[in-house]
Amino acid sequence: MNGIKIRGTGRDVPGRIVTNRDLEKIVDTSDQWITSRTGIQARRHCGEGEHISSITAAAARRALEDACVTPDQIGACIVATATPETLVPSTACSLQRDLGLLQDIPCFDLNAACTGFLFALHTMECLLNASPRKFGLVVGAENLSRVINWEDRGTCILFGDGAGAAVVECREGWPSISAVLGCHGNSELLRLPGPGAEEPCVLSMEGTKVFKFAVEAVPWCVDQVLNRTGRTVEDVDFFVFHQANARIIDLAVRKYHIPAEKYYKNIQEYGNTSAASIPLVLSELRQQGKIGPGSRVLAVGFGGGLTWGGCLIEFA
Ligand code: UT7
């Protein structure tokens, strides 16, 4: 199988900043508790007139520009999201219309909760191998502020909205991203009921249990990806972890002795943006010049389902 590399990235977040101090006025919490237990200081929430489709389109346009790829060169489009504005049409179909993507290409949403972007990258690699077109558009986008349970201080302080996009290219001879993906088939620990459920559409989570799962899943994914690719920790230029809790990232950093210049956190600014979290980090790193052509990035995600995933992706 031919591999994919990232050619360009883009991101967009809503304008409304919600700080920990703002949340102190809504629920029984404190800036001190949130910062020390999660690392989060603020998050962005969609305001009036802001929707997942608009931030998705803005992020995707920037990624296309960054990659110097035109919409008619895109051979497939996947949006990873668990919070679409409409289930039908999919967010990807709306994006196809907004960007003027070709009509004879697959455009669809994919839901693997917070691991969605990595599931989508793997799916895109498979699709492009079967397509005469060599560029793909992968977006992770969420509007989690719409599904927050404001009576639950254990979850309402965590989540934010945002979108991150990547234009990928598939070429003969490039290594596969060697994705390791999986799920436990768990329907209780992290839950967001859909229209078919007899429950309100609000997010619930047993945080401590999910935390325990995450601290085991992260090293498992890192080890599996290194094993599959025959690489070592030193071969990796940058580690990108799903931004769910700063303490989960710190544990992984300590375990693998990852130096400060090889990992990144933006959870303090955006909170947990689920499927958008990894591409938001990728886009910031690229803009800051910390990763670029030739960089090898090991990305790890985990979340509801319980899903997990890791891959080693290079920049073209
Ligand atoms: O992205 C998908 C994957 N998600 C994750 O990976 C999230 C993983 N889980 C977590 O990040 C953490 O479990 C949380 C941040 C969600 C919670 O932190 P925790 O250290 O596990 O706290 P806890 O739920 O065990 O609660 C400890 C205490 C409780 O009080 P008591 O019973 O000890 O008196 C809670 O009621 O902290 C209390 N608490 C709060 N206090 C102030 C819970 N939420 C808050 C809050 N402010 N917002």
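This passage describes the surroundings of the ligand, the position of serine 274 and the packing of helices α7 and α8. The model is a predicted one, in which local features need pLDDT of at least 70 and side-chain atom pairs count only at pLDDT 80 or more, whereas totals for chains, interfaces and linings use all residues. Residues are numbered from 1 along each chain as its sequence is written, and side-chain values use heavy atoms, with hydrogens and water left out.

The ligand is surrounded by 24 residues (a heavy atom within 4 Å), of which the closest are Thr29, Arg37, His242, Asn245 and Asn272. Polar contacts (pairs of N or O atoms within 3.5 Å) place a polar side-chain atom of asparagine 245 at 2.7 Å from a ligand oxygen, and an N or O atom in the side chain of histidine 242 at 2.8 Å from an oxygen atom of the ligand. For arginine 153, a backbone N or O atom lies 2.9 Å from a ligand nitrogen.

Histidine 242 is also among the residues in contact (heavy atoms within 4.5 Å) with serine 274, as are Ala113, Cys114, Glu142 and Leu144, residues up to four places away in sequence not being counted. Serine 274 lies in the loop between α9 (267-270) and α10 (277-287), helices being DSSP runs of H or I with at least four residues. With a relative accessible area of 6%, serine 274 is buried (under 20%, 1.4 Å probe, protein chains only), and a polar atom of its side chain is 3.4 Å from the backbone nitrogen of cysteine 114.

Note on methods: Helix = DSSP H or I, 4+ residues; strand = E, 2+ residues; numbered from the N terminus. Buried < 20%, exposed > 50% of the residue type's maximum accessible area, 1.4 Å probe, protein only. Polar contact = N/O pair within 3.5 Å; in protein donor to acceptor, adjacent residues only side chain to side chain. Axes fitted to C-alpha atoms, helices over the stretch in contact; angles between N-to-C directions.
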